[in-house]
Amino acid sequence: MHYNFKILFELLEDRYQKYNINSFIDSDPVQIPHLFNRKEDIEISAFLAASIAWGQRKTIINNGYKLVKLMDNAPYDFIMNAEHSDFDMFQDFVHRTFNGIDCIFFLKSLQNIYKNHNGLESIFTEGYKIDKSIYSSLKHFRNVFLEIDHERRSEKHLSSVEANSAAKRLNMFLRWMVRKDKQDVDFGLWKNIPASSLMIPLDVHVGNAGRALGLLKRTQNDWHAVEEITTNLILFDPKDPVKYDFALFSMSLNKELEQQNK
């Protein structure tokens, strides 16, 4: 590591406290599930918001609101009761390369999951219990999600850890569902996957900050890098290593490390 352990621990803790605050919600896609109180509404809106969480944050958030509005601001009721024709209004939905075909498939797959597999929590938990790893959880989830008929193009929007993807959006969704602290940015709804097992949602910002701080040596942002940086973060908080996602993401976004290194 580039920094003395004590100094790095204090830096990570300080930035975690600084950025893990209620106002973080106002500029992050996590605000979409925060519109709701019902568990299933939170899960479904969070999953869809996380699924389109790449590109400009403002666009992600606007499109997240658009999806929720198309579901009459009642995601669970829509998923459980939607008939074939009800999905047609999503045909024109576009977020970067995620189009109407992909969107309708995602909604139909969620319908299958809630009607036939007891919901998202059940699927992720089943996978986790295979060997107590998020890798198995994500692998199992993807297999179930893709079990209904779909166009091959839609598969690229659901990360595959078997193909060494960092699965940033899925790991972010799991952080939202599993982590719980006094700040209530994350929801802590799911009780059978421990926060200690979560993996860091690795994107460009987190990767850059991790390398600047000596927490990550691997140059590619892939699953091996996720394992490396999460393993190092466990040294600082074994029970809740991904809480430092707030620190790393925000430090990079705000160009703090660039300023320190000048």
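User: Let's start with Y16 and Y244: are they buried or exposed?

Analyst: In this predicted model, Y16 is buried, and Y244 is buried too. That label means that each has a relative accessible area under 20%.

User: How many aromatic pairs does a search of the whole structure find?

Analyst: There are 24 aromatic pairs across the whole structure. Y16 and Y244 make a good worked example, with ring centres 6.5 Å apart and planes at 70 degrees.

User: What makes Y16 and Y244 a pair, and why is it called edge-to-face?

Analyst: Two checks settle it. The centres must lie within 6.5 Å, and for Y16 and Y244 they are 6.5 Å apart, so the distance test is met. Planes over 60 degrees apart count as edge-to-face; here the angle is 70 degrees, so the name fits. The partners are also distant along the chain: Y16 belongs to helix α1 (residues 5-19), while Y244 sits in the loop between α10 (223-234) and α11 (245-253), 228 residues apart.

User: And what makes F78 and F87 an aromatic pair?

Analyst: Their centre-to-centre distance is 5.8 Å, which is within 6.5 Å, so they pair. The planes stand at 85 degrees, over the 60 needed, and therefore this pair is edge-to-face as well. F78 and F87 are both buried.

User: Which residues do ring pairs link into a cluster?

Analyst: The cluster takes in F47, F93, F98, F105, F106, F124, F141, F145, F173 and W190.

User: How do you know that E256 and R15 form a salt bridge?

Analyst: The N to O distance between their side chains is 2.6 Å. The limit is 4 Å, so the contact qualifies. E256 is part of helix α12 (residues 256-260) and R15 of helix α1, so their bridge ties together parts 241 residues apart in sequence. It is one of 20 salt bridges found in the whole structure.

User: Why do E256 and R15 count as buried?

Analyst: E256 has 10% relative accessibility, which is under 20%, so it counts as buried. R15, at 15%, passes the same cut-off and is therefore buried too.

User: What does R175 form a salt bridge with?

Analyst: R175 meets D186, and their closest N and O atoms are 2.9 Å apart, within the 4 Å limit, so this is a salt bridge. R175 lies in helix α8 and D186 in the loop between α8 and α9, 11 residues apart. D186 also bridges to R179, at 2.7 Å between the closest N and O atoms. Both R179 and D186 are buried. Through shared partners, salt bridges join R175, R179, D181, D186, D240 and D245 into one network.

User: Which ring does the charged end of R175 sit over?

Analyst: The ring of F246, with the charged end of R175 4.3 Å from its centre.

User: Which residues lie nearest the centre of the largest pocket?

Analyst: A53, R57, K168, D203 and F249, out of 21 lining residues. The elements that contribute two or more residues to that lining are α3 (57-70), α8 (168-178), α9 (204-212) and α11. Helix α8 supplies the largest share, five residues. About 340 Å³ of space lies in this pocket.

User: What classes make up the lining of the largest pocket?

Analyst: There are 12 nonpolar, two polar and seven charged residues. Among those nearest the centre, A53 and F249 are nonpolar by residue type, whereas R57, K168 and D203 are charged.

Conventions: Residues are numbered from 1 along each chain as its sequence is written. This is a predicted model: local features need pLDDT of at least 70, side-chain atom pairs count only at pLDDT 80 or more; totals for chains, interfaces and linings use all residues. Side-chain values use heavy atoms; hydrogens and water are left out. Rings of Phe, Tyr and Trp (its six-membered ring) pair if their centres lie within 6.5 Å; planes under 30 degrees apart count as stacked, over 60 as edge-to-face and the rest as tilted. Helices (H or I, at least four residues) and strands (E, at least two) are DSSP runs, numbered from the N terminus. Buried means under 20% relative accessible area, exposed over 50%, partly exposed in between (1.4 Å probe, protein chains only). A charge sits over a ring if NZ of Lys or CZ of Arg is within 6 Å of the ring centre and within 35 degrees of the ring normal. On a 1 Å grid over the protein atoms alone, a cavity is a set of points where a 1.4 Å probe fits but cannot get out, and a pocket is an open set with protein on both sides within 12 Å along at least five of seven lines; lining residues have an atom within 4 Å of a point. Grid points are joined across faces, edges and corners, and a volume is the space filled by probe spheres set on the points.
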